[in-house]
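Welcome to a small set of exercises, each with a worked solution. Keep the sequence and the 3D view open while you go through them.

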Amino acid sequence: DPEGVVEGWLDRHAYKALDSWVGNVRFVIYALPQAVEQAQVQEVEARFGEALRLSAFALSGREAAPGDIVQVALFWEATEAPAERYRATVQLLDEEWQVLAQRDAAPQAGQAEADHYGLFVPFGTPPGPARLLVALYRPDDGQRLPLQGPDGLADHLLLPSEVTIRRPA
């Protein structure tokens with residue numbers, strides 16, 4: 001796929017969960033949309049910086065086991081043309097705020113389709129509640145954009161939904 005047709009289609013329609021190199025071989029894991037398409041879209045009001053607003057999100061489910069991919073759809077709006085490029089990070093955190101899974105990508109504001117983020121729950125993850133964090137940052141220095149949202153001024157948004165990590169079957 002030298003023109004990237006397959007990967008481009010997967011980036012738009014599936015949930016990329018892992019992307020890593022081993023030597024000169026690249027491994028990429030996608031989850032095809034399933035439950036997230038029927039999930040209820042929840043509205044949020046979160047403005048990152050001056051130009052980008054997260055208006056809604058949807059989750060694939062409220063439970064996951066190690067080896068599963070939690071699918072998160074984010075709906076971005078551009079309130080004005082961003083002055084620079086940003087990256088979004090979506091993190092699955094345990095009760096101690098330790099990162100269990102993370103996916104970073106450039107947000108696609110103003111498109112009809114949602115941005116898809118797949119969070120691969122690592123094998124060996126202990127059962128318990130997990131929360132979802134969303135933030136925007138500058139890729140050159142890692143500085144997060146300030147958030148004006150439901151929790152006041154911060155540099156991240158905790159989505160108002162938890163995911164319960166359960167023991168594998």
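Buried means under 20% relative accessible area, exposed means over 50%, and partly exposed is in between, with a 1.4 Å probe and protein chains only. The model is a predicted one, in which local features need pLDDT of at least 70 and side-chain atom pairs count only at pLDDT 80 or more, while totals for chains, interfaces and linings use all residues. Residues are numbered from 1 along each chain as its sequence is written, and side-chain values use heavy atoms, with hydrogens and water left out.

**Exercise 1. Place Leu145 and decide whether it is buried or exposed.**

Solution. Begin with the location: Leu145 sits in the loop between strand 10 (128–137) and strand 11 (147–149). Strands (E, at least two residues) and helices (H or I, at least four) are DSSP runs, numbered from the N terminus. Next comes accessibility: with a relative value of 4%, Leu145 counts as buried. Finally, look across the chain: the C-alpha atoms of Leu145 and Arg47 are 9.5 Å apart, although 98 residues separate the two along the chain.

**Exercise 2. Find the pairing partners of strand 6 and one bridge partner in each case.**

Solution. Two strands pair if DSSP finds at least two bridges between them.
- Step one: strand 6 covers residues 69–78, and 7 of its 10 residues are buried, so the strand is mostly covered.
- Step two: strand 4 (residues 52–59) pairs with strand 6 in the antiparallel sense, over 7 bridges. Ala58 has Ala73 in strand 6 as its bridge partner.
- Step three: strand 9 (residues 115–120) also pairs with strand 6 in the antiparallel sense, over 6 bridges. Here Val72 has Tyr117 in strand 9 as its bridge partner.

**Exercise 3. Which side chains meet in a salt bridge between strand 6 and strand 4?**

Solution. Side chains of opposite charge can pair when their charged atoms come close. The rule used here asks for a side-chain nitrogen of Lys or Arg within 4 Å of a carboxyl oxygen of Asp or Glu, and it gives a count of 12 salt bridges. The pair we want is Glu77 and Arg53, at 2.4 Å from N to O. Glu77 lies in strand 6 and Arg53 in strand 4, so this pair ties together parts that are 24 residues apart in sequence. Glu77 is partly exposed at 36% relative accessibility, whereas Arg53 is buried at 18%.

**Exercise 4. Trace the salt-bridge network that contains Lys16.**

Solution. Salt bridges that share partners join Glu7, Asp11, Lys16, Asp19 and Arg26 into one network. Take Lys16 and Asp11: their closest N and O atoms are 3.6 Å apart. Then take Lys16 and Asp19, whose salt bridge has an N to O distance of 3.4 Å. Now compare the accessibilities: Lys16 is buried at 12%, Asp11 is partly exposed at 39%, and Asp19 is partly exposed at 34%.

**Exercise 5. Describe the open sheet and its edges.**

Solution. Five strands form this open sheet in the order 5-13-10-7-8, with mixed pairing. Its edge strands are strand 5 (63–64) and strand 8 (99–105), each pairing on one side only. Strand 7 (residues 87–93) pairs with strand 8 in the antiparallel sense over 6 bridges, and Val90 stands opposite Arg103 in strand 8.

Now turn to the loop between strand 7 and strand 8, where Trp97 is found. Most residues other than glycine have a negative phi. Trp97 has a positive phi of about 65° although it is not a glycine. At 40% relative accessibility, Trp97 is partly exposed.

**Exercise 6. How many aromatic pairs does a search of the whole structure find?**

Solution. Rings of Phe, Tyr and Trp (its six-membered ring) pair if their centres lie within 6.5 Å; planes under 30 degrees apart count as stacked, over 60 as edge-to-face and the rest as tilted. The search finds 2 aromatic pairs. One of them joins Phe120 and Phe123 edge-to-face, with 5.8 Å from centre to centre and 75° between the planes. Phe123 is exposed, at 66% relative accessibility.
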